[in-house]
Each structure stands twice: as C-alpha cells, then as structure tokens.
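Me: I would like to go through the terms used for this fold one at a time, and to hear the reasoning behind each of them.

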Amino acid sequence: DGGAADGGDGSAARLRTGEATAMAAMASDASAAAATAAARAVPGGAGARLAVIVGGGIVGASTAYFLGREAREAGWRVILLERHAIGAAASGKAGGFIAADGWGDGITDELHREGFALHEELASELGVRSYRKLPTKSVSQTGGKPGRNTQADSAGSQGPALLNAATTRASQMDDHTAQVTPQELCDRLVEAAKASGVEVRMEGAAGLTESGDGNYAVRLDAGETIAADRVVITTGPWAVAAEDWLGGRIKVPMVGIASTSLVLQAPAGATVAAQAC
C-alpha cells in the first residue's frame, strides 16, 4: 500500500526497500554510463538523465530522499509525482509501529533489522520528533464473555472487555520496538528530497509507455507527457495499473489486507503516559 510505518506489517522493511529501490533505479550498465559522461560533467544539469517516481507514499518519499542525496553528482534529475497529497493513503494514516525482529515472515527479517536501525538514523537526521523507542506489551482477556465487560461502568454501559482492568492482563512482549507518526516521516523525507534538488509535482500519472530504446514516457492526468530514463512506480495497491499501462507485459501480484486502526485524540492539557500507543 505504499504505507509508512504501519501497524506491524513490515514498515521497517519497506523503508529500507525505498533506499534499495532508489539505488536500483539509478544503476546503469557500462554503455549507458559512457553515453551520459558528458551530461555528468555538469551535475544535475540540463543534460542529466531523468528518473520519475510515481507515488508519494512512504516508499516514494524514501526513494526520492535517497535518490536526491546521490542524483546530482551521478548526473540525474529526479521528479516525484503525487496525485493527492504526500502520505495521502495508508502511508500517512497507519499506526507507525516499527519492529526489528520476529514480526515478519522470515523472508524479510534482514530488511526488518536494517529498516529498524534506519528509522532511528533518519529520525536524527531529519528531526522526526514523533519517533520513540518503546516496548510492546501483549494484552489479553482473562475472564468474562468475549467482547463485553463483566461489570458495567458507573454510567451503566458496557464496553470492550479489553478496557476492563478486572478481566484483562498485560505482559511484556518485545522490548525492541518503536513508533513514529507516519505522516511526519513522509513529510520530512520529501522536504529533505526537495532541499537536495528533487522536483515534487502534485500531479498524477495516467499512463506509461516504453520506447524501443528503453526510455519511457509518463502521461499525466492533464495530458502532459514526461520523457524519462527510469520510472519507479511506488503507488502501493494502485501499482496494478502498470499492468494495463505496459500491455500486460509485467504482472503486479497484489492481495488486499483489511485492518482497522483507532486513533484517539487526547484532550488539551491531558497527561499522556510515556508508553501510550
């Protein structure tokens, strides 16, 4: 879904994936490097090669950030396209849970560990104020009927059983976890990318064609076409559109996962516990 640090589904892995995606997008073979040697003599100049990133979620934002750090000296320009707003979907609205070990499916364990460390580095580099390390607890019901309190509250109403201290217990689950506000992370990444020379355009991509020489044309919603040397599609579940754009020559396997997050706003002036999530 292109989402930022989100409720335990591999945000740390996906942030590191953004870095790896950026490096892969900029890589070229020896012949291409020779062909662009003149352009690279003027870093980021008019003759530079162009990489277009489609989608401004966490993967697009981190790809823009890491590409932006290296692009000018490598002879590249970078454009980030986003139709609605940076972090508009899950990337800006997820739970921001980050874990290093034991929360993936095994295949992504190394990415989890690398990404977990990267989150801390970026929080320091970019001034991400919401980042914090904190332990994760397991909360379970010890008695009563599932989903309901065994005792009514003072108003005579009944609520979720997990909110009743008399019927729940908590235990330490993982002390190597952290949390960040996803929208802030996305915004800081894009701000830093812009500062390094990345062009951010609030426009959506409506199509993509590949020319015979390996270059691409990105068609925007308004009809404009951008000629690009590399295109990185970071639109989360909307990446399936690339199958139609490229005539079915690539397949984008995508499976939806339904989940629910509740965000509670603390009253003004309220004291919130350090471990509140």
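Me: Which elements make the right-handed β-α-β unit?

Reply: This is a predicted model, and in it strand 1, helix 4 (residues 58–74) and strand 2 make that right-handed β-α-β unit. The handedness is assigned because, with the strands pointing away from the viewer, the path from the first strand over the helix to the second runs clockwise.

Me: How do you know that strand 1 and strand 2 pair, and in which sense?

Reply: Two strands count as paired if there are at least two bridges between them, and strand 1 and strand 2 (residues 76–81) have 6 bridges, in the parallel sense. Within this pairing, Ala-51 stands opposite Val-78 of strand 2. Strand 1 is also joined to strand 12 (residues 230–233), by 4 bridges and again in parallel, with Val-52 standing opposite Val-231 of strand 12.

Me: What makes strand 1 mostly covered?

Reply: A residue is buried under 20% relative accessible area, and in strand 1 (residues 49–54) 6 of its 6 residues are buried. In a regular strand the side chains alternate between the two faces of the sheet, so each face can be considered in turn. On one side of strand 1 Arg-49, Ala-51 and Ile-53 are buried, and on the other Leu-50, Val-52 and Val-54 are buried, which leaves both faces covered.

Me: Why is the aromatic pair called edge-to-face?

Reply: The structure holds 1 aromatic pair, formed by Tyr-65 and Phe-66, with 5.0 Å centre to centre and 75° between the planes. Ring centres have to lie within 6.5 Å to count as a pair, and planes over 60 degrees apart count as edge-to-face, so the pair of Tyr-65 and Phe-66 earns the name on both values.

Me: Are Tyr-65 and Phe-66 buried or exposed?

Reply: Tyr-65 has 6% relative accessibility and Phe-66 has a relative accessible area of 2%. The cut-off for buried is under 20%, so Tyr-65 counts as buried, and so does Phe-66.

Me: Why is helix 4 called roughly parallel to helix 7?

Reply: Helix 4 and helix 7 pack at an angle of about 30°, with their axes 8 Å apart. Angles under 35 degrees count as roughly parallel, and therefore helix 4 is described as roughly parallel to helix 7. The crossing of these two helices is left-handed.

Me: What is the relation of helix 6 to helix 7 called, and why?

Reply: The axes of helix 6 (residues 109–126) and helix 7 (residues 182–195) come within 11 Å and cross at roughly 60°. That makes helix 6 oblique to helix 7, because the angle is not under 35 degrees, not over 145, and not in the range of 65 to 115. The crossing of helix 6 and helix 7 is left-handed.

Me: How do you know that Val-190 of helix 7 is buried?

Reply: Val-190 lies in helix 7 and has 5% relative accessibility, so Val-190 counts as buried by the cut-off of under 20%. The C-alpha atoms of Val-190 and Ser-62 are separated by 7.6 Å, although the two residues are 128 residues apart along the chain.

Me: What makes strand 3 and strand 4 edge strands?

Reply: An open sheet is formed by 3 strands in the order 3-7-4, with antiparallel pairing. Strand 3 (97–99) and strand 4 (132–133) are its edge strands, as each pairs on one side only. Strand 4 pairs with strand 7 (residues 177–179) over 2 bridges, which meets the requirement of at least two, and Lys-133 stands opposite Ala-178 of strand 7.

Conventions
Residues numbered from 1 in each chain as written. Predicted model: local features only at pLDDT ≥ 70, side-chain atom pairs only at ≥ 80, totals over all residues. Heavy atoms only, no water. Phe/Tyr/Trp six-rings, centres within 6.5 Å; stacked < 30°, edge-to-face > 60°. Buried < 20%, exposed > 50% of the residue type's maximum accessible area, 1.4 Å probe, protein only. Axes fitted to C-alpha atoms, helices over the stretch in contact; angles between N-to-C directions. Left-handed = near helix turned anticlockwise from the far one by under 90°.
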